[in-house]
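Reader: Hello! I am new to this structure and would love a close look at a single part of it, the nonpolar core. Could you walk me through what is packed there and what lies around that part?

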Amino acid sequence: MKTFIIVSDTHRNRLPLDRMDGLFKENDYIIHLGDLSSDGGYIRQKYPQKTIVLNGNCDLDKLGEDEKVLEVEGVKIFMCHGHMYGVKQNLSRLASAAKDRGCQAALYGHTHTPRVDEIDGVKLINPGTLSRYSENTYCFMAVTNGRIVEKITRINA
């Protein structure tokens with residue numbers, strides 16, 4: 001089993017990231033889905049071997065990748081910020097992009113809305129946002145035996 005902490009859209013709000021340090025230590029992967037990738041870089045300084053950073057639409061520095069596919073425990077996961085796939089309108093383009101890459105799941109941000117959906121056999125997971133004016137949510141995800149289990153969680157920031 002491999003475990004993930006997935007965050008997105010922190011927009012320079014590093015206080016929740018500091019409060020999550022214990023979670024970051026305990027899990028196998030830390031994913032920052034952009035906006036701002038410099039916040040992902042901040043996490044990566046502490047945990048370089050297990051942090052994956054994606055670029056978002058507000059990222060001028062571009063410290064991460066625009067898209068990434070990761071295979072873990074027999075599951076392929078597509079990651080992006082989501083803005084290039086029109087996720088504020090609908091999730092069909094994102095699901096199609098993930099499926100075209102042979103992925104069973106897609107992680108995305110951009111909308112600031114935590115949610116989990118499934119389209120055409122692809123699980124779509126948005127952890128929400130850790131920005132200053134939000135619910136402050138992240139996603140815990142476990143992958144084992146070809147299955148994904150996720151939990152959106154709110155933190156006090």
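Author: Happy to! Let us start with the largest nonpolar core, which has 19 residues. Those with the most contacts inside this core are Phe4, Ile6, Ile31, Ile77, Met79, Leu107 and Met141. Please keep in mind that this is a predicted model.

Where do the residues of this core come from? The elements that each give two or more residues are β1 (2–7), β2 (29–32), β4 (67–72), β5 (75–80), β6 and β9 (137–144).

Ile6 makes a good place to stop and look around. Leaving aside its neighbours within four places in sequence, Ile6 is in contact with Ile31, Leu33 and Leu107, and also with Pro127, Tyr138, Cys139 and Met141.

Apart from this core lies another one, of 14 residues. Phe78, Val87, Leu91 and Tyr108 are among them.

Now let us follow β6, one of the elements that give two or more residues to the largest core. Strand β6 covers residues 105–107 and pairs with β8 in the parallel sense, over three bridges. Here Ala106 stands opposite Leu124 of β8. Strand β8 also pairs with β7 (residues 115–119), this time in the antiparallel sense and over five bridges. In that pairing, Leu124 of β8 is the bridge partner of Asp117. Two residues sit between the strands in the hairpin of β7 and β8, and Asp120 takes a positive phi near 50 degrees there.

Is β8 itself mostly covered or open? Strand β8 (residues 122–126) is mostly covered, with five of its five residues buried. Val122, Leu124 and Asn126 point one way from the strand, while Lys123 and Ile125 point the other way, and all are buried.

Finally, a word on the aromatic rings. A search of the whole structure finds three aromatic pairs. In one of them, the ring centres of Phe24 and Tyr47 are 6.4 Å apart and the planes stand at 70 degrees, so this pair is edge-to-face. Phe24 belongs to helix α2 (residues 21–26) and Tyr47 to the loop between α3 (37–46) and β3 (51–53), so the pair ties together parts that are 23 residues apart in sequence. Phe24 and Tyr47 are both buried.

Another edge-to-face pair is formed by Phe78 and Tyr85, with 5.9 Å from centre to centre and 85 degrees between the planes. Phe78 and Tyr85 are buried too, and Phe78 is one of the residues of the 14-residue core described above.

Conventions. Residues numbered from 1 in each chain as written. Predicted model: local features only at pLDDT ≥ 70, side-chain atom pairs only at ≥ 80, totals over all residues. Heavy atoms only, no water. Buried < 20%, exposed > 50% of the residue type's maximum accessible area, 1.4 Å probe, protein only. Helix = DSSP H or I, 4+ residues; strand = E, 2+ residues; numbered from the N terminus. Pairing = 2+ DSSP bridges. Phe/Tyr/Trp six-rings, centres within 6.5 Å; stacked < 30°, edge-to-face > 60°. Core = buried A, V, L, I, M, F, W, Y, C linked by side-chain atoms within 4.5 Å. Contact = heavy atoms within 4.5 Å.
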